[in-house]
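Colleague: I have a model open and would like to go through its helices with you. Can we keep it brisk?

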Amino acid sequence: FADAATKAEASLESPVGPLALVLLARVRYAQGDNDAALKALASRPELARAPAPSALEGKLLYEQALAKHLGEDGRPTEEGGALLTRAAEALARALESPQALTRAEAASARITRAYALHRLGDLPGAAAAYEASHLAEPERLAALRGLASLCAGDLDAYRRSLKNLLAEREGDALASQALAQSYVEHKAFDEALEVA
């Protein structure tokens with residue numbers, strides 16, 4: 001870890017400065033110190049606004065909010081809400097240039113942003129973020145599960161989101177299956193067959 005941190009610090013002024021900052025923060029995180037990882041990112045704000053550091057910052061802030069700032073009811077405390085807001089903002093900043101991230105980093109940033117908005121109670125924002133996450137990674141179930149949880153009390157909103165996905169990507173197997181299942185569960189068999 002010491003060697004990696006030293007090499008990262010030596011590379012902060014180079015053209016790969018943002019990636020060196022990510023390495024430095026990841027070293028601190030791997031050592032079990034989320035706070036030190038966030039401090040490393042905050043120490044170089046001019047580098048931290050790049051996509052990769054922003055994605056890592058968002059992930060760390062989200063984890064910190066969940067670990068330390070949830071009330072007994074599972075909702076974020078005031079401080080937790082502030083951390084989740086910062087996380088969502090950092091992740092949105094990272095996703096402005098998703099091509100600068102690895103596929104895994106971009107996928108993680110999209111779904112974590114959706115989770116943060118969901119926990120903040122931003123239903124329209126979370127729905128849009130879950131939809132964007134699914135459209136980018138249609139073979140994964142996480143975004144559809146998030147949508148189902150988000151819309152648990154509003155079946156129409158859930159179906160609207162699934163139809164939005166199908167309008168963007170006709171024949172999307174997982175979205176079609178989820179929509180058909182939502183009809184089957186409520187004995188709307190004609191609608192389910194139409195989707196199928």
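What follows is a short exchange on the fold, some helix contacts and two single residues.

Modeller: This is a predicted model, where local features need pLDDT of at least 70, side-chain atom pairs count only at pLDDT 80 or more, and totals for chains, interfaces and linings use all residues. Residues are numbered from 1 along each chain as its sequence is written, and side-chain values use heavy atoms, with hydrogens and water left out.

Colleague: How many helices and how many strands does the protein have?

Modeller: Helices (H or I, at least four residues) and strands (E, at least two) are DSSP runs, numbered from the N terminus. From that end the elements read α-α-α-α-α-α-α-α-α-α-α-α. The C-alpha trace spans about 65 × 40 × 25 Å along its principal axes. The count is twelve helices and zero strands.

Colleague: What share of the residues is buried?

Modeller: Buried means under 20% relative accessible area, exposed over 50%, and partly exposed in between, with a 1.4 Å probe and protein chains only. The protein has 196 residues, and the buried share is 43%.

Colleague: Where on helix α9 do its buried residues lie?

Modeller: Helix α9 covers residues 142–150, and its buried residues are A143, L144, G146, L147 and L150. Seen down the axis, they fall within an arc of 160 degrees (taken from the directions from the helix axis to the C-beta atoms), so they line one face of the helix.

Colleague: Which helices are included in what covers those buried residues of α9?

Modeller: Contact here means heavy atoms within 4.5 Å. By that test, the cover of the buried residues includes α7 (103–120), α8 (123–136), α10 (155–168) and α11 (173–185).

Colleague: How does α2 run relative to α3, parallel or antiparallel?

Modeller: Axes are lines fitted to C-alpha atoms, for helices over the stretch in contact, and angles run from 0 to 180 degrees between N-to-C directions. The axes of α2 (residues 17–30) and α3 (residues 34–42) come within 7 Å and cross at roughly 165 degrees. Angles under 35 degrees count as roughly parallel, over 145 as roughly antiparallel, 65 to 115 as roughly perpendicular and the rest as oblique. That makes α2 and α3 roughly antiparallel.

Colleague: Which residues make the contact of α2 with α3, and how do they divide by class?

Modeller: From α2 come L21, L24, A25, R28 and Y29, and from α3 come N34, A36, A37, A40 and L41. Ala, Val, Leu, Ile, Met, Phe, Trp, Tyr, Cys and Pro count as nonpolar, Asp, Glu, Lys and Arg as charged, and the others, Gly among them, as polar. The result is eight nonpolar, one polar and one charged.

Colleague: α3 also passes α5; is that crossing left-handed or right-handed?

Modeller: The axes of α3 and α5 (residues 51–68) come within 10 Å and cross at roughly 145 degrees. A crossing is left-handed if the near helix is turned anticlockwise from the far one by less than a right angle, and right-handed if clockwise. This crossing is left-handed.

Colleague: What does A94 touch?

Modeller: A94 lies in helix α6 (residues 78–95). A94 is buried, at 0% relative accessible area. Leaving out residues up to four places away in sequence, A94 touches P51, S54, A55 and L101.

Colleague: Is K187 buried or exposed?

Modeller: K187 sits in the loop between α11 and α12 (189–195). Its phi is near 60 degrees, a positive value in a residue other than glycine. With 65% relative accessibility, K187 counts as exposed.
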